[in-house]
Amino acid sequence: MKAPPFGYVRANSMDHAFRLLAEYGEGSKVLAGGQSLLATLAFRLSEPSLLIDISRLSELAGITRQDDFVRVGAGTTHTMLGRDSLIQAHVPLLNDAVPYIAHTAIRNRGTIGGALAFADPAAELPACCVALDATIIAGSSRGERRIRASAFFVGLFVTALEPDEIIIAVEFPVVRTDERSVLMEIARRSGDYAMAGVALWARVDGLVLHAPRVVFFGVDDRPVLASGAGTALDGKRADAATVELAQTALDRDLDPPGDQHGGPALKRQLARTLLARAVAQILTQDKVARA
Ligand SMILES: Cc1cc2nc3c(=O)[nH]c(=O)nc-3n(C[C@H](O)[C@H](O)[C@H](O)COP(=O)(O)OP(=O)(O)OC[C@H]3O[C@@H](n4cnc5c(N)ncnc54)[C@H](O)[C@@H]3O)c2cc1C
């Protein structure tokens, strides 16, 4: 299929982009890396009358450390995330996630803002944002607002963004010396979206995990914070018995619908397996002095 006809404007400033969005409303869409949007146009899943190109806005660029946070501009590509030294040192989960995202050509153009706004339930970065308790900063002609990642993903490809809002940046807490994180997934082929995946963040003391945040992706219509499994692991020696209790709690945390990869039973089994693997990996990860 071919894309329907649409207008195109390259925004020359954030204010310009906000004005266009306010003027054209739901008939318009912002264009970042185009890696998901152009496919939805080609399949006529989306028929905006106007594309507002935000890919060259300097206000959306850059990765900076600000006190206890690393601020990542929405226009940061996946490739940039994977190479950035601040990310490697202070938000290593993002670094670990990048190789799982699609292929090099897509990573060179796709942006973190686009991935979060698109909100594919099998995508890695939304789950990382929830696991790391990141804050998404959205802007519009009405000003800026801050949205916790746990409240940002509200349904299948649906977020808390208003139609006139643009993601400007994402803030991630700087990882401390006792904190570690792991991302892993099961996919049919390298570069495919995950059949199921997990992002795990925790404070680690020997074999004990504290305040773990276990977030699954590819198992529901949005990233799922598995709070029962997290509670089962919290403050206990993470041995086989504890992991089994956490897996039992996980069965209550998840209610996976089937998808093209398989039914609910398969999704549950993948999630249980990933939970055990992620716990094993986080315990053996080297402590890296950060902060
Ligand atoms: C073959 C293929 C495989 C892929 N595999 C994976 C994968 O394994 N894992 C994964 O996570 N992703 C995968 N992707 C998606 C890829 O990561 C995209 O780059 C990403 O989802 C969208 O980013 P983008 O910058 O290209 O956004 P675009 O395609 O330009 O936009 C996507 C949507 O987000 C909106 N948008 C973009 N930027 C903003 C913003 N700053 N504020 C508000 N709204 C905005 C657009 O209006 C549009 O609705 C894959 C894509 C393809 C084509």
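## A102 and the α5–α6 loop

A102 sits in the loop between α5 (92-97) and α6. Helices here are DSSP runs of H or I with at least four residues, strands are runs of E with at least two, and both are numbered from the N terminus. This is a predicted model, in which local features need pLDDT of at least 70, side-chain atom pairs count only at pLDDT 80 or more, and totals for chains, interfaces and linings use all residues. Residues are numbered from 1 along each chain as its sequence is written.

A102 is not a glycine, yet its phi is positive, about 45 degrees. A102 is also buried, with 22 other C-beta atoms within 10 Å. Buried means 20 or more other C-beta atoms within 10 Å of the residue's own; exposed means 12 or fewer; partly exposed lies in between; C-beta atoms are placed from the backbone.

## A119 and the α7–α8 loop

A119 belongs to the loop between α7 and α8. A119 has a positive phi too, about 55 degrees, although it is not a glycine. A119 counts as buried, with 23 C-beta neighbours inside 10 Å.

## Around the ligand

The ligand has 29 residues around it. A residue is near a molecule if its C-beta atom, placed from the backbone, lies within 6 Å of it. G33, G110, G113, G114 and A123 come nearest.

Six elements each supply at least two residues of this shell: β2 (28-31), α2 (37-42), α6 (104-109), α7 (112-118), α8 (124-131) and β10 (166-173). The largest share, five residues, comes from α7. By class, the shell has 18 nonpolar, eight polar and three charged residues. Ala, Val, Leu, Ile, Met, Phe, Trp, Tyr, Cys and Pro count as nonpolar; Asp, Glu, Lys and Arg count as charged; the others, Gly among them, count as polar.

Domain 1 (7-53) and domain 2 (60-173) both give residues to the shell, so the ligand shell lies between them. The domain bounds come from an automatic or database domain assignment.

## The three-stranded sheet

Three strands form an open sheet in the order β1-β3-β2, with parallel pairing. Two strands pair if DSSP finds at least two bridges between them. β1 (7-10) and β2 are the edge strands, each pairing on one side only. From one strand to the next, the twist averages 25 degrees. Axes for such angles are lines fitted to C-alpha atoms, for helices over the stretch in contact, and angles run from 0 to 180 degrees between N-to-C directions.

Strand β3 (residues 50-53) runs parallel to β1, and four bridges join the two. Y8 has L51 in β3 as its bridge partner.
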